[in-house]
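Hi,

I'm passing a structure on to you, along with some notes on what turned up in it. Could you have a look at it before reading on?

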Amino acid sequence: MANRNQVLGQVTIEVDGERLPTSGESTLQIGGPQRENVPGDFDAGGFMERTVPSRCTVALLHRDGVSIAAMRAIDNATLIMKADMGKTWVVRGAYFVEAGEFGQDGKASVIFEGQPAEELL
């Protein structure tokens, strides 16, 4: 049973079953319905909804065996983020969006987007 006091601290990220070497700074925006205000003339108006993709920024340890160039070809993949406190999110139809900068600190980042993330309970 999960400890209700534990917060998310570490994650593993897999893309099509291959675990990526993360550096502890990855993030996930789960996507899904997003509301936008539509103002009215004499009242607050209302809102409209649209579905936005999930977005996973993967902070990588840039070491031998990690090819950012090869990641550019990733399309229609399954991305799984597992947290140390027991939660798991799945992004289906994930695709490479962009590569961030990398430098002499040994880190790099890549961004994937896809269908809204599903939280597995």
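**Salt bridges, then strands**

Let's begin at lysine 87, which is partly exposed, with a relative accessibility of 35%. Before going further, please keep in mind that this is a predicted model.

What does lysine 87 pair with? Its side chain meets that of glutamate 119 in a salt bridge, with 3.4 Å from N to O. Lysine 87 sits in the loop between strand E7 (77-83) and E8, while glutamate 119 belongs to strand E10 (residues 118-120), so this salt bridge ties together parts that are 32 residues apart in sequence. Glutamate 119 is partly exposed too, at a relative accessible area of 37%.

As general background, side chains of opposite charge can pair when their charged atoms come close. The count for this model is six salt bridges, and here are two others to look at.

Arginine 55 takes part in both. One is with glutamate 98, where the closest N and O atoms are 3.8 Å apart. That pair links distant parts of the chain, with arginine 55 in strand E6 (residues 54-61) and glutamate 98 in strand E8 (residues 88-99), 43 residues apart. The other is with glutamate 113, at 2.4 Å from N to O. Here, too, distant parts of the chain are linked: glutamate 113 is in strand E9 (residues 107-114), 58 residues apart from arginine 55 in strand E6.

Are these three residues buried or exposed, or something in between? Arginine 55 is partly exposed, with a relative accessible area of 22%, and glutamate 98 is partly exposed at 39%. Glutamate 113 comes out at 15% relative accessibility; buried means under 20%, so glutamate 113 counts as buried.

Which residues end up in one network through shared partners? They are Arg55, Glu98 and Glu113.

**How the strands pair**

Strand E8 is a good one to follow with your viewer open. E7 and E8 pair in the antiparallel sense over five bridges, and alanine 77 stands opposite alanine 94 in E8. The hairpin of E7 and E8 has four residues between the strands, and glycine 86 in this hairpin takes a positive phi near 105°. Lysine 87, where we started, lies in the loop between these strands as well.

E8 also pairs with E10, again in the antiparallel sense, over three bridges. In that pairing, threonine 88 is opposite leucine 120 in E10.

How many bridges join E8 to E9? There are four, and the two strands run antiparallel. Glutamate 98 turns up again here: its bridge partner in E9 is isoleucine 111. You'll remember glutamate 98 from its salt bridge with arginine 55.

**Two backbone angles to check**

Which residues other than glycine have a positive phi? Two examples are aspartate 16 and asparagine 76. Aspartate 16 has phi near 50° and is found in the loop between strand E1 (11-15) and strand E2 (18-20). Its relative accessibility is 54%, and aspartate 16 therefore counts as exposed.

Asparagine 76 has a phi of about 55°. This residue lies in the loop between helix H1 (68-71) and E7, and it is exposed, with a relative accessible area of 61%.

If you'd like one place to zoom in, try Arg55, Glu98 and Glu113, joined by salt bridges that share partners.

Cheers

Notes. Residues are numbered from 1 along each chain as its sequence is written. This is a predicted model: local features need pLDDT of at least 70, side-chain atom pairs count only at pLDDT 80 or more; totals for chains, interfaces and linings use all residues. Side-chain values use heavy atoms; hydrogens and water are left out. A salt bridge is a side-chain nitrogen of Lys or Arg within 4 Å of a carboxyl oxygen of Asp or Glu. Buried means under 20% relative accessible area, exposed over 50%, partly exposed in between (1.4 Å probe, protein chains only). Two strands pair if DSSP finds at least two bridges between them.
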